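Grab your viewer and work through these exercises on the structure below. Each one sets a task and then walks through a solution.

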Amino acid sequence: MEPGSTGRRGRAPRRTEAVIRRAVARDAARLTRLVRTSRAYEGPYAPMVAGYRVGPDYIEAHRVFVAADGATGRVLGFYALLLDPPELDLMFVADTAQGLGIGRLLAAHLREEARGAGLTVVRIVSHPPAEGFYRSIGAEPVGTVRARPPAVMWDRPELLLPVDSL
């Protein structure tokens with residue numbers, strides 16, 4: 001896919017006014033659906049998300065934030081920040097929202113949240129195809145997290161995202 005492409009053939013990217021809000025328990029089904037239907041997890045990656053669930057209990061226990069279309073409320077993406085130890089647990093952008101800057105918007109919000117919590121760095125264990133995105137927002141590679149079959153069948157890049165860098 002070319003830089004700036006949305007993956008939607010024949011249509012120009014639609015600009016949207018996204019708002020970031022704290023996720024609530026009733027978002028659980030939408031967030032689960034976003035994870036399970038992500039094209040980033042097709043092919044050999046599909047088994048990892050096939051039964052994945054973002055439950056109301058997870059949302060209530062963690063800092064989970066949603067990017068939603070300001071006009072329609074449609075969920076465009078989300079992330080979950082763990083504080084102890086500081087780690088990005090989940091970040092997904094809806095396939096239809098790829099190329100609209102939602103990932104960068106979520107990353108900027110993540111930095112604000114981390115800074116507000118007194119963090120200086122956030123660990124990211126990346127889905128291999130997403131490593132380039134995380135590097136583009138300033139995350140630095142620090143190693144590799146080895147596969148742990150049957151849950152994770154492939155090695156994953158480990159990065160650190162400085163909270164105060166742009």
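**Exercise 1. List the residues that line the second largest pocket, and find which element gives the most to the lining.**

Step 1: In this predicted model, the lining is made up of Arg30, Arg33, Leu34, Thr37, Ser38, Arg74, Val75, Val93, Ala94, Asp95 and Thr96.
Step 2: Sort them by element, and α1 comes out as the top contributor, with three residues.
Step 3: As for the space itself, the second largest pocket comes to about 230 Å³.

**Exercise 2. Take Ser38 from that lining and work out whether it is buried or exposed.**

Step 1: Place it first: Ser38 sits in the loop between α1 and α2.
Step 2: Its relative accessibility is 6%, and the cut-off for buried is under 20%, so Ser38 counts as buried.
Step 3: Now look for company beyond four places in sequence: Ser38 touches Phe92 and Asp95. Asp95 is also on the list of pocket-lining residues.

**Exercise 3. Find the buried residues of helix α1 and say why they end up on the same side.**

Step 1: Over residues 28–36, the buried ones are Ala28, Leu31, Thr32, Leu34 and Val35.
Step 2: Around the helix axis they span an arc of only 160°, so they share one side of α1.
Step 3: Check what lies over them: the cover includes the helices α2 (46–49) and α3 (56–61), plus the strands β2 (63–69), β3 (75–83) and β4 (86–93).

**Exercise 4. Strand β2 turned up in that cover; work out how it is paired and how enclosed it is.**

Step 1: On the β1 side (residues 18–22), five bridges tie β1 to β2, and the two run antiparallel. Arg22 is found opposite Phe65 of β2.
Step 2: With β3 there are six bridges, again in an antiparallel arrangement; here Arg63 is partnered with Leu81 of β3.
Step 3: Follow the chain through the β2–β3 hairpin, where five residues lie between the strands and Gly73 has a positive phi near 80°.
Step 4: Six of the seven β2 residues are buried, so the strand is largely enclosed by the rest of the structure.

**Exercise 5. Decide where to hold back when reading the coordinates.**

Step 1: Start with the chain as a whole: the mean pLDDT is 90, with 90% of residues at 70 or more.
Step 2: Then pick out residues 1–13, where pLDDT stays under 50. The model does give this stretch 16 contacts beyond four places in sequence.
Step 3: Low pLDDT means the predicted coordinates should not be read in detail.

Definitions and conventions:
Residues numbered from 1 in each chain as written. Predicted model: local features only at pLDDT ≥ 70, side-chain atom pairs only at ≥ 80, totals over all residues. Heavy atoms only, no water. Buried < 20%, exposed > 50% of the residue type's maximum accessible area, 1.4 Å probe, protein only. Helix = DSSP H or I, 4+ residues; strand = E, 2+ residues; numbered from the N terminus. Arc of directions from axis to C-beta. Contact = heavy atoms within 4.5 Å. pLDDT = per-residue confidence, 0-100. Pairing = 2+ DSSP bridges. 1 Å grid on protein atoms, 1.4 Å probe; cavity = no way out; pocket = protein on both sides within 12 Å on 5 of 7 lines; lining within 4 Å. Points joined across faces, edges and corners; volume = space filled by probe spheres on them.
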